[in-house]
Amino acid sequence: MTRLVSPSAARNAGPILAILERIAPPSGRALEIASGTGEHVLHFAHAMPEIDWQPSDVDPERLASIEDWARDHYGNNLLSPIALDATEPGWAMAHDPFDLVVLINLLHLISDTAAEAVLDGIAEALEDNGTALIYGPFLRNGQTTSDGDATFHAKIQADDAEAGYKDIEIITAYLQELDLAVTCQKMPANNIALIAQK
Ligand SMILES: C[S@@+](CC[C@H](N)C(=O)[O-])C[C@H]1O[C@@H](n2cnc3c(N)ncnc32)[C@H](O)[C@@H]1O
């Protein structure tokens with residue numbers, strides 16, 4: 001069985017879709033980075049049929065799961081997943097620009113340097129006037145905002161001292177340095193959606 005299931009993806013797909021429906025262009029090309037199980041992109045592709053969705057991930061097991069979930073999609077706007085390491089500098093150069101880039105729950109799992117490479121790539125990958133949605137848990141002024149977040153952040157750092165939650169102010173400033181206009185929206189379970197427009 002290659003199809004993986006993520007309870008959190010099922011929980012947050014609705015609130016994230018509500019934002020996408022507000023910020024996405026009426027039609028165009030969307031890239032999802034770090035698609036994970038593939039449940040999110042399947043949900044988005046069903047709900048937004050005018051957009052062509054390109055899922056991706058770095059992990060072969062996740063790519064197989066995305067492919068498996070995508071078989072349930074009978075529209076023609078969900079493409080086969082591609083292998084993409086979003087921390088590899090210059091990854092965006094290999095693709096035509098996207099109108100929409102979606103990144104859910106990756107930045108807290110990687111180092112600051114790797115996160116900067118992901119954000120550089122997102123800025124490069126966007127078409128002029130394109131929009132990115134970056135969703136996940138963040139620090140506010142260097143602090144976690146709940147006991148659950150403090151525990152999760154500490155656990156990530158115990159496994160990899162360079163990884164862990166990123167500060168929302170620092171990520172926002174970094175995106176602005178890349179000439180993106182940024183707005184933030186609070187989301188359920190202490191998460192934040194960053195909307196960045198080129
Ligand atoms: C916590 S999961 C999030 C998956 C999905 N976006 C979600 O929210 O359910 C993190 C995902 O990031 C992927 N990933 C880790 N490092 C990556 C990288 N360097 N480039 C692209 N994807 C990566 C993992 O394989 C995994 O699927």
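This section describes the overall fold, the nonpolar core, the ligand surroundings and a terminal hairpin of a predicted model.

The protein comprises six helices and eight strands. In sequence order these elements follow the pattern α-β-α-β-α-β-β-α-β-α-β-α-β-β. The C-alpha atoms occupy a box of roughly 45 × 40 × 30 Å along the principal axes. The radius of gyration is 16 Å, and because a compact globule of 198 residues would have a value near 16 Å, the two agree. Of the 198 residues, 40% count as buried. Among contacts between residues at least 6 apart in sequence, 72% link residues that are at least 24 apart.

The largest nonpolar core contains 51 residues. Within this core, the residues that touch the most other members are Ile33, Val101, Leu103, Val118, Ile122 and Leu133. Outside its neighbours within four places in sequence, Ile122 is in contact with Val101, Leu103 and Ala132. Val101 and Leu103 thus appear both as contacts of Ile122 and in the list of core residues that touch the most other members. In soluble globular proteins, nonpolar side chains tend to be buried together.

The ligand is surrounded by 19 residues. The closest of these are Ala9, Ala34, Gly36, Asp59 and Asn105. By residue class, the shell around the ligand divides into nine nonpolar, six polar and four charged residues.

Asn105, one of the closest residues to the ligand, is placed in the loop between β4 (98–104) and α4 (112–125). Its phi is positive, at about 60°, although Asn105 is not a glycine. With 18 other C-beta atoms within 10 Å, Asn105 falls short of the 20 required for a buried residue and is therefore classed as partly exposed.

Asn105 is also a contact of Gly136, a residue of strand β5 (residues 126–139). Gly136 counts as buried because its C-beta neighbours inside 10 Å number 21. Leaving aside its neighbours within four places in sequence, Gly136 is in contact with Ile104, Asn105, Leu107, His108 and Asn191. Between Gly136 and Glu21, the separation is 115 residues in sequence and 18 Å in space, taken from C-alpha to C-alpha.

Strands β7 and β8 form a hairpin with four residues between them. Strand β7 covers residues 181–186, and strand β8 covers residues 191–197. The two strands run antiparallel and are joined by six bridges. In this pairing, Ala181 stands opposite Gln197 of β8. Of the six residues of β7, the number buried is zero, so the strand lies largely in the open.

Val182 belongs to β7. This residue has 18 C-beta neighbours inside 10 Å and therefore counts as partly exposed. When neighbours within four places in sequence are left aside, the contacts of Val182 are Thr172, Leu175, Gln176, Leu194, Ile195 and Ala196. Val182 and Lys155 lie 27 residues apart in sequence, and their C-alpha atoms are 29 Å apart in space.

The loop between β7 and β8 includes Ala189 and Asn190. Ala189, in the turn of the hairpin, has a positive phi of about 60° although it is not a glycine. A positive phi of about 60° is likewise found for Asn105. Ala189 has 12 other C-beta atoms within 10 Å, and since 12 or fewer define an exposed residue, Ala189 is exposed. Asn190 has 14 C-beta neighbours inside 10 Å and so counts as partly exposed.

Beyond its neighbours within four places in sequence, Asn190 is in contact with Pro137, Thr145, Ser146 and Asp149. Asn190 and Gly136 are 54 residues apart in sequence, with a C-alpha to C-alpha distance of 8.7 Å. Gly136 itself has Asn191 among its contacts.

Key. Residues numbered from 1 in each chain as written. Predicted model: local features only at pLDDT ≥ 70, side-chain atom pairs only at ≥ 80, totals over all residues. Near = placed C-beta within 6 Å. Nonpolar A, V, L, I, M, F, W, Y, C, P; charged D, E, K, R; others polar. Core = buried A, V, L, I, M, F, W, Y, C linked by C-beta atoms within 7 Å. Contact = placed C-beta atoms within 7 Å. Pairing = 2+ DSSP bridges. Rg over C-alpha atoms; globule rule 2.2 N^0.38 Å.
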